[in-house]
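I opened the model to see how its parts fit together. These are my notes, in the order I looked things up.

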Amino acid sequence: MDKKVLMKGNEAIAEAAIRAGCRHYFGYPITPQTELAAYMAKRMPKIGGVFLQAESEIAAINMVYGVASTGRRVMTSSSSPGVSLKQEGISYIAGSDLPCLIVNVQRGGPGLGGIQPSQSDYFQATKGGGHGDYHLIVVAPSSVQEMADLTSLAFDLSEKYRVPAMLLADGTIGQMMEPVVLSEPHDPVFTEKDWAVTGTKGQREHHIVNSLYLVPEELEKKNFERFERYQAIEDNEVRYERFMMDDADYCVVAFGIAARVSKNAVVEARKQGMKVGLIRPITLWPFPKQALAEAAKQVKGFLSVELSMGQMVEDVRLAVNCSRPVALCRRTGGMIMSPDEVLDALKKLAGGAES
Amino acid sequence: MIVFEKPKSLTDAELHYCPGCTHGIIHRLVAEAIDDLGVEGIAIGVAPVGCAVMAYNYFACDMVEAAHGRAPAVATGIKRSLPDNIVFTYQGDGDLASIGMAETVHAATRNENITVIFVNNAIYGMTGGQMAPTSLPGQVTQTSPYGRDVKTAGYPVKVAEMLSALDGPAYIARVAVNSVKNVKNAKAVIRQAFQNQIDGLGFSLVEVVSACPTNWGMTPENALKWIDEKMIPYYPLGVYKDKRESQKEAEA
C-alpha cells in the first residue's frame, strides 16, 4: 500500500534523491532552497552518505564534478544567483560527459533579484547556461509529488545518456506542502563504469576525465558525438501533460507553478464556454516540440504563461513555426499571475484570433 | 642490474615542457613517491589549468582535468566518494594562489585527506609570462613591464606561511628543485605528503619553488641560480606545519 506523507517540495527532492541512491550532496546556503540542504545535513550522516557545505557554489559544483568522475550518484542544489555561479562547473561536467543532478529552485532576477518564485532561468537552463555547445536534460515539476518523481527520473536519464540533468523548480513548489507518495528506497548500486576514475588497480589503462581537446578536429568530433546523444534524448525522452486538449480551440502552454495557475483558468474558461486546453512541458529540454506542432493543426492560438518576461514563448513559437498566433501572459520579479489574469489573456487571444 | 629507470607512475608520453623547466623533475618526484608507497593502482590525480594542464597524459594513474583553480574542490569530491583511494592535485601558482585561493584555503581548513603539489615559479607560464600572485616585488613580467609595484599590485602570497596559520591542515612544507641537495629533500617531503594521506592525517601541501627560464628570460642555469638568489630568500624552505611532529612533541 502506497503511503502518503505530507512534505515540503524541497524536502521531497532531498528524500527522493536519497531513495534514488544518491549519497553525495554538496551545496551552499541560499534562499529559497535551504530546506533541501538542511534535510541532507540531517539525513546523510545517518545513512553513510556525504553532506558537505562548500565554501561557494563554485566549489560545490566542482565537488560534484569530482564525485561524478568516480561514477557515483551526486547532486547539488541552489537558487538562481547560485546557479549562475555553478555554470563554469556545469560546462566542464557536460564537456566531460558526466552524469549528475543540479537543482535550481528559482527566484526572481537578474542580479540578486529577490527571493520570491520565478521561472526566469528558463533560457539559462534550456539553452546551455555556461560556455560551449551543450545541453542539460531539464525537468520541471509542478507539484510536490513531481519534485520527488522527477528527481528520480533526472538521475536515471542523466546516467543513461551521460548528460548532466537539471531539476528546474521554483520557490512556490519548493516551499509548499502537499501529500506525496515516495518510491521504495533502493541502496546505491555501484557498477564499474568504463570511463570512471576509481584507480587502475594495475589492471587497465588509466582513465582520463577531461574536456580539453586542443586538436580542433577532435573537439568537433566530440561535440558531434555528444549531439547524437542529444538527438536520442529528443527522440525518446520528451515528457509532457495534455489537459483538456481533445476538443480545444486554444492551447495554454505552461510549466511548473504557472501550469497550476493556468489549469484553474482553463477550467474556468470551459465554464464560460471557451474550449481551452493546456499542454504542460514536463521536460523543458527536450522540449515537446512535436506535441505543440500537432496541437497547432487543431487550435486557433497558443498562450504561453510564464513567470518571466517571456522566455519559453520563443520555443513555443519555434515549435508551431508561426502557423498560429502565440500570445504571452507574464508576471516577473517574484509575482505570480492569478487564474483571472490568464483568463483575460485567453479572452484577448480569442478575440484577436477570431477577428 | 638496473640503476636508473622511469617510474611506473609516469607514462611514455613525451613531456611538452620547455627546456630547463623544472616541472619534469617534480612530475618524477611525485611518480616516485607513488611508486615507492605502492599506491599507483589506487592513485587518482587532478590536473590544473596552466603549464601542467596535460599532466593527465604523463601520470599513469587515473586522472581528472579540473577547471582553473578548482582542483582542491574536485579532489574533495573524489576523496569523499572513494576514501580508500589516494587523491592528489598538481597545481601552479596562478591556479592555486589566485583563482583557486578559496578552494585551496577551504580544502586545507577542512583538512581534506588529500595531497597537494603546488608548483611556485612566480609567473603564469602557459599564457606567456604574466604576473602571478607569487611574482616577486620588482619582478618584470608581461603584465608588470616596469616590475611588480607593490603599491598597485600588492605583495606576493606566501602560501606555505599562510596555510600553516590554519588549525586544519596536517602538513605544510616548502621545497625547491634547483640543486641535487634540494631535489633529494623535495623527494622526501613529497613522499611524506603522500604517506600522510595513507595514514589518514589529512591535508598535506608541498610548495615547490620551481624555475621558468622561458618566461623569466634566463638560461636554465641562471634560472636555477635566480631561485637561490631571489626566490628562496623570499620563500624560505622548510616544514611549516606537521601535525605528526607536534603530536609526538606533545606526547613526549
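**Strand pairing.** I count two strands as paired if DSSP finds at least two bridges between them. Helices (H or I, at least four residues) and strands (E, at least two) are DSSP runs, numbered from the N terminus. The model is predicted: local features need pLDDT of at least 70, side-chain atom pairs count only at pLDDT 80 or more, and totals for chains, interfaces and linings use all residues. Residues are numbered from 1 along each chain as its sequence is written, and chains are lettered from A and ligands numbered from 1 in the order in which they are written.

**Across the chains.** I looked first at β9(A) and β2(B). They pair in the parallel sense, over two bridges. A:Ile208 stands opposite B:Met63 of β2(B).

I then followed the sheet outward. It is open and has eight strands, with mixed pairing. The order reads β9(A)-β2(B)-β1(B)-β3(B)-β4(B)-β6(B)-β5(B)-β7(B). Its edge strands are β9 (208-209) of chain A and β7 (238-242) of chain B, each pairing on one side only. Inside the sheet, β5 (171-176) and β6 (204-209) of chain B are parallel over six bridges. There I found B:Arg174 with B:Glu207 as its bridge partner in β6(B).

Which strands does helix α3 (residues 71-81) of chain B touch? I noted β1, β2, β3 and β4 of chain B. Its direction makes about 175 degrees with that of β3(B). (Axes are lines fitted to C-alpha atoms, for helices over the stretch in contact; angles run from 0 to 180 degrees between N-to-C directions.) Helix α8 (residues 180-198) of chain B also packs on the sheet, touching β3, β4, β5 and β6 of chain B. Its angle with β5(B) is about 160 degrees.

**The chain contact.** I call two residues in contact if their C-beta atoms, placed from the backbone, lie within 7 Å. Chain A puts in 32 residues and chain B 29. On the chain A side, α3(A) has the largest share, nine residues. That side divides into 13 nonpolar, 15 polar and four charged residues. (Ala, Val, Leu, Ile, Met, Phe, Trp, Tyr, Cys and Pro count as nonpolar, Asp, Glu, Lys and Arg as charged, and the others, Gly among them, as polar.)

**Domains of chain A.** The assignment gives domain 1 (4-183 + 225-236) and domain 2 (241-354). Such bounds come from an automatic or database domain assignment. Their centres, over C-alpha atoms, are 26 Å apart. I found 27 residues of domain 1 in contact with 22 of domain 2. On the domain 1 side, α5(A) gives the most, four residues.

**The core.** A nonpolar core is a set of buried Ala, Val, Leu, Ile, Met, Phe, Trp, Tyr and Cys residues joined through C-beta atoms within 7 Å. Buried means 20 or more other C-beta atoms within 10 Å of the residue's own; exposed is 12 or fewer, and partly exposed lies in between. The largest core has 197 residues. Those with the most contacts inside it are A:Val139, A:Cys251, A:Leu346 and B:Ile117. Helix α3 (residues 57-69) of chain A gives the most to this core, nine residues. A:Val139 touches, among others, A:Leu150, A:Leu167 and A:Ile282.

**A buried strand.** Why is β15 (residues 326-330) of chain A largely enclosed by the rest of the structure? Five of its five residues are buried, so I logged the strand as largely enclosed. A:Val326, A:Leu328 and A:Arg330 point one way, A:Ala327 and A:Cys329 the other. Five bridges join β15(A) to β14 (301-306) of chain A, in parallel. A:Leu303 stands opposite A:Ala327.

Methods: Lists of a residue's contacts leave out its neighbours within four places in sequence.
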